Amino acid sequence: MKIIAITPHFKHDFLAATVIEGLYRNGIQVIATDYGNNVERVYKDSEILSHSKNASCVFVFSSKKVDPPPKYYLLDDMDLPIVYIDGSEWTHTYHYDSPHQQSESLLAPSRRRGDNWINKEMYDRCKWYFKRECYAQDMKAKKIHPLPFGVVSQNLHIGYQPIPKMIDVLCAFGQIQTGMRALVSKLCREYRELGFNIVIGNYPYDVYIHKMKESSIVVDAWGSGDCNARFYEAVANGACIMHQKPNIIIPEPFIDDVHCIEYSTERDFCSKIQYYLDHMEEARSIGKAGQRHALQYHTSKARVEYMFRKMKL
């Protein structure tokens, strides 16, 4: 199978990287416009249009970067079914709908789903619309399907000598202005002061990933989206993810206290972290179960297989 891919111009997008890697892992010939996001080869516009004559469809990716934007103009010269892949947060443009949207969302989580949520132009043009931050109300539109991030190979620690779990809990955020990040960071500091083995900080990416691999529990909370990379980085590496319960739809969901630990309130968080700090082997067992679930249903390869099932390809 051959698929045209109109990709972001070098700008990293975790969903685009997941899908592109998944296409290759499913043996798909990818005819891409721009490097980045696991693209192995790019083609000139004329080559892309030539390949489009016998391709199955065109995957069109959203992009936060608009200078330059993805080569959407090529769609005007193609006669192919369009698959739109929307990795945005806050609004379909990736930007706030008002200067106060982020702060308002701390008290009213429904504000995380901003105005101009769906790219109407692409919705009208496409045959399938896959959305990272997909709420139940979004699925009332027949073209829309949930498509959260997935496990990508660069963050997967499988097949190597196991790394000892030297850290009980890792709480490592970049920004702490969204979701419950500020609160759980404060609570983790308080538990650390009581003598628990909790590591807190903002680290360079390679240091952060190594510490994650050393951790039994990794704390997560909503970023700009309910779906974020930390969740999949943690479960891929066998850490028990303790995360703020998402409001979006996750196909083949992770089950609370089986594959992950969920919390929704300060009381939830304190109750659960105290329990698992006292029952660390249970947390490690959940981490292993979460990893097995992730490797069965949430790899980049599995994400694209899921897309193809929805598309009936």
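**View 1. Strand 5, covered on both faces.** In this predicted model, strand 5 (residues 128-131) has neither face open: Trp128 and Phe130 on one side, and Tyr129 and Lys131 on the other, are all buried. Strand 4 (residues 82-86) runs parallel to strand 5 and is joined to it by four bridges. If you want a landmark in that pairing, look for Val83, which stands opposite Trp128. Three bridges, again in the parallel sense, link strand 5 to strand 6 (residues 144-146). Here Lys131 has Pro146 of strand 6 as its bridge partner.

**View 2. The six-stranded sheet.** Zooming out a little, we get an open sheet of six strands in the order 2-1-3-4-5-6, paired in parallel. Strand 2 (29-32) and strand 6 sit at the edges with a single partner strand each, so one side of each has no neighbour in the sheet. On average, neighbouring strands of this sheet are turned by 25° against each other, ignoring direction.

**View 3. Two helices on the sheet.** Helix 1 (residues 14-25) packs on the sheet and touches strand 1 (2-6), strand 2, strand 3 (57-61) and strand 4. The direction of helix 1 makes about 155° with that of strand 3. Helix 10 (residues 300-311) packs on the sheet too, with contacts to strand 1, strand 3, strand 4, strand 5 and strand 6. For helix 10, the angle is about 145°, taken against the direction of strand 5.

**View 4. Met307 and the nonpolar cores.** The largest nonpolar core has 73 residues, and the members touching the most others are Val19, Leu23, Phe59 and Met307. Leaving out residues up to four places away in sequence, Met307 touches Val19, Phe59, Val83, Ile85, Phe130 and Leu147. There's also a second, separate core of 24 residues, with Phe173, Met180, Val184 and Ala283 among them. As a general backdrop, nonpolar side chains in soluble globular proteins tend to be buried together.

**View 5. Val169 in strand 7.** Val169 belongs to strand 7 (residues 167-171). Val169 counts as buried because its relative accessibility is 0%. Not counting residues up to four places away in sequence, the contacts of Val169 are Asn197, Ile198, Val199, Ile217, Val219, Ile273 and Leu277. Don't expect Tyr35 in this frame: Val169 and Tyr35 are 36 Å apart, C-alpha to C-alpha, and 134 residues apart in sequence.

**View 6. Two edge-to-face ring pairs.** Searching the whole structure turns up 13 aromatic pairs. One of them joins Phe231 and Tyr232: the centres are 5.0 Å apart and the planes are at 65°, so the pair is edge-to-face. Both partners are tucked away, with Phe231 buried at 7% relative accessibility and Tyr232 buried at 3%. The rings of Tyr275 and Tyr276 also have centres 5.0 Å apart, but their planes are at 90°, so this pair is edge-to-face as well. Here Tyr275 is partly exposed at 35% relative accessible area, whereas Tyr276 is buried at 6%.

**View 7. A tyrosine cluster and two charges over rings.** Tyr84, Tyr123 and Tyr129 make up one aromatic cluster. Lys131, the strand 5 residue on the side shared with Tyr129, has its charged end over the ring of Trp117, 4.3 Å from the centre. Arg112 does something similar with Trp90: the charged end of Arg112 sits over that ring, 5.6 Å from its centre.

Terms used: Residues are numbered from 1 along each chain as its sequence is written. This is a predicted model: local features need pLDDT of at least 70, side-chain atom pairs count only at pLDDT 80 or more; totals for chains, interfaces and linings use all residues. Side-chain values use heavy atoms; hydrogens and water are left out. Buried means under 20% relative accessible area, exposed over 50%, partly exposed in between (1.4 Å probe, protein chains only). Contact means heavy atoms within 4.5 Å. A nonpolar core is a set of buried Ala, Val, Leu, Ile, Met, Phe, Trp, Tyr and Cys residues joined through side-chain atoms within 4.5 Å. Two strands pair if DSSP finds at least two bridges between them. Axes are lines fitted to C-alpha atoms, for helices over the stretch in contact, and angles run from 0 to 180 degrees between N-to-C directions. Rings of Phe, Tyr and Trp (its six-membered ring) pair if their centres lie within 6.5 Å; planes under 30 degrees apart count as stacked, over 60 as edge-to-face and the rest as tilted. A charge sits over a ring if NZ of Lys or CZ of Arg is within 6 Å of the ring centre and within 35 degrees of the ring normal.
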